Amino acid sequence: MLTCDDLTLRQGAFTLRADWSLSPGLTAVIGPSGGGKSTLLSAIAGFLDPASGCVLWDGRNLSGAAPGNRPVTMLFQDNNLFPHLTVAQNAGLGLVPSLRLTKDHSDRVAVALDRVGLAGLGDRKPNALSGGQQSRAALARVLLADRPVVLLDEAFAALGPALRAQMLELVQSILVAAGRTVLMVTHDPADAQNVADNVILVSDGYAHPPQDTGALFADPSPELRRYLGT
Amino acid sequence: MAQRAVAIKAAGPAWVAAALVLALTVGPLVAVAFRAQVGSGLAAGDWAAIRFTIWQAVVSALASVALAIPVARALARRRFRGRAALVMLLGAPFLLPVIVAVLGLLAVFGRGGILNAMLGTIGIDPISIYGAAGVILAHVFFNLPLAVRLILQGWLDIPAERFRLAAQLNAPVWRVLEWPMLVRVLPGTLLVIFLICLTSFAVALTLGGGPRATTVELAIYQAIRFDFDLGRAALLAASQFVLCAVAAVVAWRITPVDGLGGGLDRVVARWDQSPLDWLWLGAVTLFLVTPLAMIVLRGVPGFLDMPASVWTAAGRSIAVAVGSTVISVSLALTVALRGGAIAQVIGVTPLASSALVMGTGLFIIVYPVVSPTVVALPVTMVVNAMLALPFALRVLIPAVQDVRQNYARLAATLNLTGWRGLRIVMLPRLRRPLGFAAGLSAALSMGDLGVIALFATDAQETLPLAMYRLMGAYRMETAASAALLLVALSLLAFWICDKGGRVDADL
Amino acid sequence: MKTTLTSVAAIVAASPVLAQTPTLNVYTYDSFTSEWGPGPAIEDAFEATCGCDLVFTGAGDGAALLARLQLEGPRTDADVVLGLDTNLTAVARDTGLFTTHGVDADLSLPVDYDDDMFLPFDWGYLAFVADKDTPAVSSFQELADSDLSIVIQDPRSSTPGLGLLMWVQAVHGDDAGAIWEGLADNIVTVTPGWTEAYNLFLEGEADAVLSYTTSPAYHLIAEEDDTKTAWAFDEGNYLQVEVAGILAETDQPDLAEQFMQFIVSDAFQTVIPTTNWMYPATDIALPDGFDTLTVPKKGVLLSAAEAAARRDDALDTWRNALSQ
């Protein structure tokens, strides 16, 4: 259970508040640009200290824990792979940060690459892969890191609709199905409607509590209406 | 976005590195001041020297930068065969020992040089380059290439999309993009060149035409060598640091110091090209390459007849260059990873150091402990590393910032911190700038006469010293060959390191 | 780095062996110890008779040599210093670092020279060196009145430069300023040292350069080039007398005295002309080629005390005259 307990985030004059808990499953984070979606994810990942309140995982206060020591892994809009490392090494970083991979590790990397559809491409460098393949390689690393919370900060925004749909399916099948808590920032409400179990609307200085996707879109709140422009 | 977690910091080691640099630059000055017996103030002539030094450094910096702007602009928007070679060659004059460069310049601009020979055939009286004009000319020859590289980097840092945007809007590229970039880049460039010219000694004196061209460094030389007035030498050296501090503060007030990056291969396709570009490129190539060609021509005849001692000296120079490159690049990396104010101070302090005071001070420090002869090469290694440090830093600081910006958060989520982050993220990503910085350090160290003269006997002779001693023994032809070897080794060292940084480097 | 370590190791390893034989440390200027200089031959000759190890340490030029001694002070390793000139001996004497040399030799200098502390080992005339087909001049006044271009060394950083300053002082005294003003338009440039000036001259940057009457001998003997000559001046040419002295704190006083005796022996003196390109200090036969050299009508030399006393005023005069 991921909990934002009376959380207040501050960046200059900007303030964002959140006070809710989230169960495993896929949650979409939507809202207007500059509303604070990325700020919320930064705080959960450990890049931003809360002004007050805290983030909890299964009742454990995460305040002060370095990003790498949290039960959290994250994909960004770009630069998710190190260009000087091979695909297998990039994925392997999720397993062994020192990159000293044993035979057993290498086997597990190969299995992960196979699951994201990159079987046999482990020796390539990222620049020899297509955009979709690069996203798959990053997902393989998330898979290997095996953290209960996964944050996707517009990770697939640069992909076309068809590829993005494929990625979301993959996220669904390998991460969500395994019982992880996945938070996904997206600009496209359709993405949220298609795959998300829950939706968090971030607007007017609040990260509103997660709501069931079907229920939310069936009866949009005034804030959501304003955001959707309907 | 204010981020808490910045991966891969090195605060502790950076302070150690900074302390080391200050100990080696300011420390010798203090040692000299302490050793001074008769304390005397600055003489009347010293104030004239300080005035002339400031004047020539300001004019040299302005002239170098003014000429560098159109050249950098031409290089930024033209793609042609040999462009990479030209950019590389731009590094050459900067790496030359002073006497070699001066002789190369005189072969072109001197009384018996090519230029006057050509003027003579069309019946024009010979021109003389001696005097203020000669000093500025030589300083421009040394520093124009450096200015071009620094400013070119500014141009390459403007994203291509902005040029396209400006073109679509029909906006004046100069006013909306290039001028703002120059305002950011020029103060730092002017500062570096001003500081280099501040400690000029042999150039100013040889081409200056007389005692009007007395620089502070000459006054220091006189104070130590002829008067043995260490107090005055220390005062004069301190005045150089004061000038450096004032110049640095002025430059930082105007803008943060900006760097020159390792990558020089991104040419933006532009449609506002002017045919004048070719004129500028042609002129600068001619200006820089002709004296270099004269050095080569002069050195070739005796090249194979050089005595074994010259080759031995060359071997020593290579060893010194390797050592000082390792020191300089490690220090630069440590300081660059820390960044901030120390990096800024360390980036300029060595430039303002008087080589003679540094050498004398180190001698005073070392002498009671160990024979100076025994430590001649290690001391040279360390001093050369100090002198190369500002240039290595200018390459590494922006590169480190770049890596941080792109990969710090990813590295943090993957627990790639500390030494592991350095090994897996920083070092591989910095490979090219590290190669470039190493090449610069190696080449600078190879050619620097610096402090070795005070410490070395024949058994520690480096190549520049051997060359200078050959000249002192009337062996001008052999000396010319030694100079050629020196130039070749400097460029080779630069090329190997620079290339090494590029091999197999992705993106 | 490895080379350094190896050479340090070699020195350390070698020292116990050397400790068997006494070592005489001689500080001198660079070009004396270079492989083309007199150093190697003199080392061989002296070691053949002394049963000792003679170690030369090069330290820049004459002025740098004295500065180095002053830096090291009484703790210096040097037993003997070889290569100061008479413009520096007054300062050297004042340091209190030297003792008397005790050598009574028959010297062949063109002037009377008597100094119980500093023993001459060679000497030369300062002169303007030019191509033979350049019209020669025979006085400073004539040079100043001519269109000839010259390159000289800075008296603040170079020994010949300081010698020229004293030369003009010695022959023109109170009129030195006027002479320098007259020369101002002849002087192409003032270089930091002899090396730069001589190079500029060979590159054709000036008609003549301040050097020594013996410079043409190098071109003649080593390069078989007889196109260079030196100008004798009617008022005389300034002498550069190079001297050696014993350090008071030497731990090898007997060896040091033995070396001083050796300096005025034929074994030392015969090496000098064609390696140091100067005149020997004793009356020995000169090598072929030296007979063709310009011999000035007289040698001019200010005493060490006088040179020291007049230096600061002379420098001011020089600087003022050339700064206008």
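## Reading contacts, folds and domains in a predicted model

User: In this predicted model, how many residues of chain A are in contact with how many residues of chain B?

Analyst: In the model, 23 residues of chain A are in contact with 21 residues of chain B. The size of an interface is often given as the accessible area lost when the parts come together, whereas the figures here are counts of residues in contact. Sorted by class, the side of chain A that touches chain B holds 12 nonpolar, nine polar and two charged residues.

User: Turning to chain B by itself, what does its secondary structure come to?

Analyst: Chain B has 22 helices and zero strands. Its C-alpha trace spans about 65 × 60 × 50 Å along the principal axes.

User: Why would one compare the radius of gyration of chain B with that of a compact globule?

Analyst: The comparison sets the chain against what its length would suggest: with 507 residues, a compact globule would have a radius of gyration near 23 Å, and because chain B has 23 Å, the two agree. Two further values describe how the chain is packed, since burial and sequence separation can be read side by side: 59% of the 507 residues of chain B count as buried, and among its contacts between residues at least 6 apart in sequence, 86% join residues at least 24 apart.

User: What do the corresponding values say about chain C, beginning with its helices and strands?

Analyst: Chain C has 14 helices and 12 strands, and its C-alpha atoms fill a box of roughly 65 × 50 × 40 Å along the principal axes. For 324 residues the compact globule would have a radius of gyration near 20 Å, so the 20 Å of chain C agrees with that expectation. Of these 324 residues, 53% count as buried, while 80% of the contacts in chain C between residues at least 6 apart in sequence join residues at least 24 apart.

User: Into which domains is chain C divided, and what supplies the contact between them?

Analyst: Domain 1 of chain C covers 2–123 + 239–288, and domain 2 covers 124–238 + 291–323. The centres of the two domains, taken over C-alpha atoms, are separated by 27 Å. The contact takes 20 residues from domain 1 of chain C and 21 residues from domain 2 of chain C. On the side of domain 1 that touches domain 2, α4 (62–72), α5 (89–94) and β10 (237–247) of chain C each supply at least two residues, and by class that side has 12 nonpolar, six polar and two charged residues.

Key
Residues are numbered from 1 along each chain as its sequence is written. Chains are lettered from A and ligands numbered from 1 in the order in which they are written. This is a predicted model: local features need pLDDT of at least 70, side-chain atom pairs count only at pLDDT 80 or more; totals for chains, interfaces and linings use all residues. Domain bounds come from an automatic or database domain assignment. Two residues are in contact if their C-beta atoms, placed from the backbone, lie within 7 Å. Helices (H or I, at least four residues) and strands (E, at least two) are DSSP runs, numbered from the N terminus. Ala, Val, Leu, Ile, Met, Phe, Trp, Tyr, Cys and Pro count as nonpolar, Asp, Glu, Lys and Arg as charged, and the others, Gly among them, as polar. The radius of gyration is taken over C-alpha atoms; the globule rule is 2.2 Å times the number of residues to the power 0.38. A residue is buried if 20 or more other C-beta atoms lie within 10 Å of its own, exposed if 12 or fewer, and partly exposed in between; C-beta atoms are placed from the backbone.
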